[in-house]
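Hi everyone, thanks for coming. Please bring up the sequence and the structure on your screens, and let's walk through them together.

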There are 2 protein chains.
Amino acid sequence: MARPTPLSGFPEFSPAERIAEQRVLDTLRATFESWGFASLQTRAVEPMGQLLRKGEIDKEVYVLRRLHADPDEEQDPDRTLGLHFDLTVPFARYVLENSGKLQFPFKRYQIQSVWRGERPQEGRYREFTQADIDVVGDGELPFHADVEVAQVMAEAMGRLPLPPLRMQVNNRKLIEGFYLGLGAADAAAVMRAVDKIDKLPADAVRALLVAEAGLDGDQADLCLRLATISGTDASFAGEVRALGVEHPLLDEGLEELVRVVEAVAPLATDRFTAVADLRIARGLDYYTGTVFETRMAGFESLGSICSGGRYDSLASDGAKTYPGVGISLGVTRTLAPLFARGRIAVSRSVPTVVVVALADEGSRPACQAVAAQLRARGTAVEVSPNAAKFGKQIRYADRRGIPFVWFPQDDGTHQVKDIRSGEQVPADPSTWVPPAEDLLPSVVAG
Amino acid sequence: MARPTPLSGFPEFSPAERIAEQRVLDTLRATFESWGFASLQTRAVEPMGQLLRKGEIDKEVYVLRRLHADPDEEQDPDRTLGLHFDLTVPFARYVLENSGKLQFPFKRYQIQSVWRGERPQEGRYREFTQADIDVVGDGELPFHADVEVAQVMAEAMGRLPLPPLRMQVNNRKLIEGFYLGLGAADAAAVMRAVDKIDKLPADAVRALLVAEAGLDGDQADLCLRLATISGTDASFAGEVRALGVEHPLLDEGLEELVRVVEAVAPLATDRFTAVADLRIARGLDYYTGTVFETRMAGFESLGSICSGGRYDSLASDGAKTYPGVGISLGVTRTLAPLFARGRIAVSRSVPTVVVVALADEGSRPACQAVAAQLRARGTAVEVSPNAAKFGKQIRYADRRGIPFVWFPQDDGTHQVKDIRSGEQVPADPSTWVPPAEDLLPSVVAG
């Protein structure tokens, strides 16, 4: 066949990029599990009736059809399947379906592909990987779960080989209470207007607040001043109080936000900071308390790459309601733009640490035995695919970024060469291990 | 909404089962990488034209449609997408698409979901995970690649927490050469008849060989005798020679099969054996040399759970041909029947090793600090979700199989209780680590 061309919106990573992606996924998994979050994988498909319940993104769903489907299968909406477009809808369905078997509070992480038939552009793909954590309760879920998911994701993000990340936290109760306290009749309309603050000049948002949310000029100004407040400790609460608005919901939201920020701001590293940012609203209707967004330095145009919050009803079967709190990190939408700009450096394109050089094809079994000895202590080893001149075998390693070439000697001894420095030294296959920093490929933000 | 029900053919594992699946996938990955195989993930979709090229399983493909697709998109076969039904077709496409960027021989492993719209039954699902390894060459690929993929998969299978596995190896050149050597006019027809040997009585296969492959009775008997030969060392070759058939292709195939068997038979463990088995043919047309199948003890009705072989042309762009050799392990089709019969025991349903008990809600920050200390040395720790009576907190751990509960004491010291034995001892959060065997959940074949 002719050489195929890439499909727009379906990114595929090179072997070296995949090593970086695996490092990110391994780091996320290790962090999530260290906090006791269990892994879950749901099927890729849901009945279309499930996927379209929220209505808002129906046009983005991929619908499935078996090439030779039975006619009755095609007609039945409960039997028509679509690919899931996020990991929250399938998780909510999984919780309802298995509620009798699960232990609550149920803490799970889920790292899977999702699909959306959107028009592709940078940071927006038709197939992409998400990494979600959620805690879900049976009937009730204490507020400390909000603090915990923030801490877990903050700790994970601080370990990723990415440009600096900034987590922004807010609280829906806080802003709704504020709007109600200053006399807004329609808090949701105020929120929709304030949500445009990153896209429109302040004057335009102010005009919207007056025209569409029914505020007077003073009220609109207070809303804009609230949205400018941010901070990494409890002192932001004083700035909010100083605006003079009072409401019980505002008090509750302020206290919650202070607790989250005091727990995550100390987790700051050179790659991660967390702040209370009172401009963050999240458009989605189902959030009812804490909300999270995250920006990556130099890639602000991607929008938030890690978002979530508290929802009082993740799922409900009529008899019971399951409240939850969760955060979702967009793995593909974070990594693909970084790869495209060469902003993540990977030291090699294979797991291999050592290539065992082959003097002639007849010595392959002996070289495999050396490789097996080295593997037994956790070193990734290949035997050279051919007995070409040693210079060519070294280039085989070099082209892949493999740091060491091993040379069995005629007298039964062995030598190992670091092809970066050229240094070649005697070595014993029953004891040699590579330097710890060479055991895995290095993956660093560039 | 009402409680949802499972979708037939789309298995979802419980948290404990998922821990077992992860252990299997981690073991496969670690083994594959220790031999220098690089991870690859391809997109889930291919143009329908690609998926239907082989023709044979077209009715099983899931076709995708965007809910609000453009009309021209619907008409264009190159733009109509389907979910991949194996990992070989997308890998072949990936190799062609990226041949200019890849280093050959290219050794990759790929662990992903695949989809087939088949009628579901045990061991046959509509969505399932496969784990593939392949080595592909640019124009040529030395035979030792066949030996290597057999060794890698044999080593991996020997480490899996499964009932005993038996890898059966054969060689297409051997059997084709044998059929040609005894005078068969249509070696493919002979192979199709012999391939029924597990399903039909010997007499019936003999009748097929005469009626459909045009053999006489003596020739048919020789074919049946060949198919009964098996062995774990080179001696099987003597049995083949004793049948008195000669052909250059037979010689070549015999030598190759001896080399594979001599390399993998010594990797036998109490959970894994490998044999030359001259009855194995693999139905698929594209195999041209080594072929592999694998049966699981007590689950023979599943058929082969790990299969593959050599194909002289994995892919071709007209100018160049890429030969390959690979093996594919059916992860879901192996695990789901074992889970259904309770044949894999997992010690807990969460990664957590320790629950830090909570005397009162006010001590949560102090308990989180203890948890952070324990996590710093790689222990998975949860703080109790509530300050219920200690008996209830111990039951929280017990219900999940978590082995330890940690008790901060009023005097600032600490104690840790092994809730399996009831033993409670003083412990220091800055140095304590669990016994090595408790660090991860245990996963054992039952």
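**A helix and its two sides**

Let me begin with helix α14 of chain A, whose buried residues are A:Gln393, A:Ile394, A:Tyr396 and A:Ala397. Buried here means that 20 or more other C-beta atoms lie within 10 Å of the residue's own; with 12 or fewer a residue is exposed, in between it is partly exposed, and C-beta atoms are placed from the backbone. Those four cover an arc of only 145° around the axis, so they sit on the same side of α14(A); the arc is taken from the directions that lead from the helix axis to the C-beta atoms. A:Gly391, A:Lys392 and A:Arg399 are exposed on the other side of α14(A). The cover over the buried residues includes β14 (354-356) and β16 (404-408) of chain A. Right after α14(A) comes A:Gly401, with a positive phi near 80°.

A word on where this comes from. This is a predicted model, in which local features need pLDDT of at least 70 and side-chain atom pairs count only at pLDDT 80 or more, while totals for chains, interfaces and linings use all residues. Residues are numbered from 1 along each chain as its sequence is written, and chains are lettered from A and ligands numbered from 1 in the order in which they are written. Helices (H or I, at least four residues) and strands (E, at least two) are DSSP runs, numbered from the N terminus.

Now step back to the whole of chain A. It has 14 helices and 19 strands, and 47% of its 446 residues count as buried. Its C-alpha atoms fill a box of roughly 90 × 60 × 45 Å along the principal axes.

**How the two chains meet**

What turn lays chain A on chain B? A turn of 180° does, with a shift of 0.0 Å along the axis and an RMSD of 0.0 Å, which is the relation of a two-fold axis. The copies are superposed by least squares on the C-alpha atoms of residues with pLDDT of at least 70 in both. In chain A, A:Leu64 comes closest to the rotation axis, at 2.5 Å (C-alpha).

At the interface, 61 residues of chain A are in contact with 62 residues of chain B, contact meaning that C-beta atoms, placed from the backbone, lie within 7 Å. Because 100% of the interface residues of chain A are also interface residues in chain B, the copies meet through the same surface. Strand β3(A) runs antiparallel to β3 (residues 62-66) of chain B, joined by five bridges; strands count as paired if DSSP finds at least two bridges between them. Across that pairing, A:Arg66 stands opposite B:Tyr62.

**A sheet in chain B**

Finally, look at chain B, where nine strands form an open, mixed sheet in the order β1-β5-β6-β12-β11-β10-β7-β9-β8. At its edges stand β1 (38-39) and β8 (230-231) of chain B, each with a single partner strand, so one side of each lacks a neighbour in the sheet. Within the sheet, β6 (residues 127-136) and β12 (residues 321-330) of chain B pair in the antiparallel sense over seven bridges. There, B:Val136 has B:Gly324 of β12(B) as its bridge partner.

That's my tour; thanks for listening!

Note on methods
Contact = placed C-beta atoms within 7 Å.
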